[in-house]
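Here is a short report on one protein chain. Look over the sequence and the structure first, then read on.

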Amino acid sequence: MVDTGTMHVLPLPEWTPVEAHELSGNRATDMRLGQLVVELGSRPKWTFWIDYDTRRQVASLREAGQRPDRAVTRS
């Protein structure tokens with residue numbers, strides 16, 4: 001993954017499926033975007049892979065992780 005410095009805004013419904021790992025306590029979990037909104041708001045920037053369906057609409061998101069330039073140290 002290469003950070004190009006470009007950020008895109010993609011409005012999605014709260015029921016959009018998200019495959020999470022670190023955001024769900026380091027266990028692979030299927031969640032809904034609405035469940036992660038509060039969690040994402042209190043963390044640095046995150047990246048997601050976008051999965052499209054055959055109609056070229058967003059089908060789901062997969063957590064790619066925290067952006068390296070936004071890393072934080074946790075104790």
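## Buried and exposed

A residue is called buried when its relative accessible area is under 20%, exposed when it is over 50%, and partly exposed in between. With that cut-off, 24% of the 75 residues of the chain count as buried. Keep in mind that this is a predicted model.

The surface can be described too. The chain exposes about 5900 Å². Carbon and sulfur atoms supply 52% of that area.

## The layout of the chain

How many helices and strands does the chain have? There is 1 helix, and there are 4 strands. Read from the N terminus, the order of elements is β-β-α-β-β.

Contacts also reach across the sequence. Take the contacts between residues at least 6 apart in sequence. Of these, 35% join residues at least 24 apart.

## The nonpolar core

Which residues make up the largest nonpolar core? It has 8 residues: Val18, Ala20, Leu23, Met31, Leu33, Leu36, Trp46 and Leu61. Strand β1 (17–20) and helix α1 (33–41) each supply at least two residues of this core.

Leu33 is one of the core residues. Setting aside neighbours within four places in sequence, Leu33 is in contact with Leu12, Pro13, Glu14, Thr16, Val18 and Leu61. Two of these partners, Val18 and Leu61, are listed in the core as well.

## Strand β3: Phe48 and Ile50

Strand β3 covers residues 46–52. Phe48 has its place in this strand. Its relative accessible area is 22%, so Phe48 counts as partly exposed. Beyond its neighbours within four places in sequence, Phe48 is in contact with Val18, Leu23, Leu40, Leu61, Arg62, Glu63 and Ala64. One of these partners is Glu63, 15 residues away along the chain. The C-alpha atoms of Phe48 and Glu63 are separated by 4.6 Å.

Ile50 is found in β3 too. With a relative accessible area of 35%, Ile50 is partly exposed. Together with Leu10 and Tyr52, Ile50 makes a nonpolar surface patch of about 290 Å². A residue needs over 30% relative accessible area to join such a patch. Ile50 meets that cut-off because its value is 35%.

## Two salt bridges

How many salt bridges does a search of the whole structure find? It finds 2. One is formed by Asp51 and Arg62, with the closest N and O atoms 2.9 Å apart. This pair links distant parts of the chain. Asp51 is in strand β3, while Arg62 is in strand β4 (residues 58–66), and 11 residues separate them. The side chains of Asp51 and Arg62 are also joined by a polar contact of 2.9 Å.

Is Asp51 buried or exposed? Its relative accessible area is 19%, so Asp51 counts as buried. Arg62 has a value of 32%, so Arg62 counts as partly exposed. Asp51 has further partners. Leaving out neighbours within four places in sequence, Asp51 is in contact with Gln57, Val58, Ala59, Ser60 and Arg62.

The other salt bridge is formed by Arg55 and Asp53. Here the closest N and O atoms are 3.0 Å apart. Arg55 is exposed, because its relative accessible area is 61%. Asp53 has 24%, so Asp53 is partly exposed.

## Strand β4: Ala59 and Ser60

Ala59 lies in strand β4. At 34% relative accessible area, Ala59 is partly exposed. Apart from its neighbours within four places in sequence, Ala59 is in contact with Pro17, Asp51, Tyr52 and Asp53. Now compare Ala59 with Val18. They are 41 residues apart in sequence. Their C-alpha atoms are 9.4 Å apart in space.

Ser60 lies in β4 as well. Its relative accessible area is 17%, so Ser60 is buried. Again leaving aside neighbours within four places in sequence, Ser60 is in contact with Thr16, Pro17, Trp49, Ile50 and Asp51. Among them is Asp51, the salt-bridge partner of Arg62.

Note on methods: Residues are numbered from 1 along each chain as its sequence is written. This is a predicted model: local features need pLDDT of at least 70, side-chain atom pairs count only at pLDDT 80 or more; totals for chains, interfaces and linings use all residues. Side-chain values use heavy atoms; hydrogens and water are left out. Patches are made of residues with over 30% relative accessible area and no salt bridge: like charges are joined within 9 Å, nonpolar side chains (Val, Leu, Ile, Met, Phe, Trp, Tyr) within 5 Å. Accessible areas come from the Shrake-Rupley method with a 1.4 Å probe; for residues, only the protein chains shown count as cover. A salt bridge is a side-chain nitrogen of Lys or Arg within 4 Å of a carboxyl oxygen of Asp or Glu. Buried means under 20% relative accessible area, exposed over 50%, partly exposed in between (1.4 Å probe, protein chains only). A polar contact is a pair of N or O atoms within 3.5 Å; within protein, one must be able to donate a hydrogen and the other to accept it, and residues adjacent in sequence count only if both atoms are side-chain atoms. Contact means heavy atoms within 4.5 Å. A nonpolar core is a set of buried Ala, Val, Leu, Ile, Met, Phe, Trp, Tyr and Cys residues joined through side-chain atoms within 4.5 Å.
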